[in-house]
Amino acid sequence: MIKTIIENIKTIIVALVLAIIIRSLLLQPFYIPSSSMESTLLVGDRLFVTKYSYGYSKHSFPFSPNVFNGRFLFSKPSRGDVVVFKTPSDNRTDYIKRLIGIPGDEVQFIKGDLYLNQKKINKQFVKKSVINCGNYKFEVNLYNEEIDSNAIYQIAYSTQNSMSNTEKFVVPKDHYFFLGDNRDCSKDSRFLSSVGYVSQENLVGKARFLFFSNEAEIGNFFTFWKWHKSIRFERILRKIN
């Protein structure tokens, strides 16, 4: 009896260690609780983030243990990547946004257009739509934005009261500038007091693909008896662009 209990404890410990290793070094699941990345990511989406994409920092590990500073095996992220990072304001909360500016870049909105290093970023109108902003719905124009030839993605601007002009943001050394795809419903690097420029140490990983998605108002991952109504089957295993 005692031997069986000991073996079970050993099995549990091994399973926990393996789970921590996988979560820290390879893949980590995340849940989307807000609409700041619509229509790329919807509330209720669950996705996997690759932890090895940009190397490792203390934020790669559970509870961000203060065992070392900086990053090792660092690989630079690219403009257009969808990235999970720890917010600079508390170094604890996970945010997911799109990388727009790398160190040394100048980022600015002028008359509703995004400028990078004084060059207007091309965007092509797709259609009008209605998307979420918290508990509200609002009409938007959807565009395909092309920050470079390898990064084309869809963004949304409100048809009314859209952010038209900003100051010029100059991205500091070893920092990055992020925007939400739902441009008028996103707390991101434009808000220097709450998010601002994100240190490369705060990068957690790159968002790769959805593994589950459901209408949060109807049910969740655990209410399996509602899956036939709540699951967005067309989003499962979708690659994140």
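**Pocket, Met37 and aromatic rings**

The largest pocket has a lining of 19 residues, with Glu38, Asn132, Lys137, Glu215 and Arg232 nearest its centre. A pocket here is an open set of points on a 1 Å grid over the protein atoms alone, where a 1.4 Å probe fits, with protein on both sides within 12 Å along at least five of seven lines; lining residues have an atom within 4 Å of a point. Keep in mind that this is a predicted model: local features need pLDDT of at least 70, side-chain atom pairs count only at pLDDT 80 or more, and totals for chains, interfaces and linings use all residues. Residues are numbered from 1 along each chain as its sequence is written, and side-chain values use heavy atoms, leaving out hydrogens and water.

**More on the pocket**
- β8 (122-133), a strand (a DSSP run of E, at least two residues, numbered from the N terminus), gives the most to the lining of the largest pocket, with five residues.

**Met37**
- Met37 is buried (under 20% relative accessible area, 1.4 Å probe, protein chains only), at 1%.
- Its C-alpha atom is 5.1 Å from that of Gly180, though the two residues are 143 apart along the chain.
- Beyond its neighbours within four places in sequence, Met37 is in contact (heavy atoms within 4.5 Å) with residues including Val82, Arg98 and Asp181.

**Charges over rings**
- Arg98 lies over the face of Tyr153, 3.9 Å from the ring centre.
- Lys123 lies over the face of Tyr143, at 5.0 Å from the ring centre.
- The cut-offs are NZ of Lys or CZ of Arg within 6 Å of the ring centre and within 35 degrees of the ring normal.

Key:
Buried means under 20% relative accessible area, exposed over 50%, partly exposed in between (1.4 Å probe, protein chains only). Helices (H or I, at least four residues) and strands (E, at least two) are DSSP runs, numbered from the N terminus.
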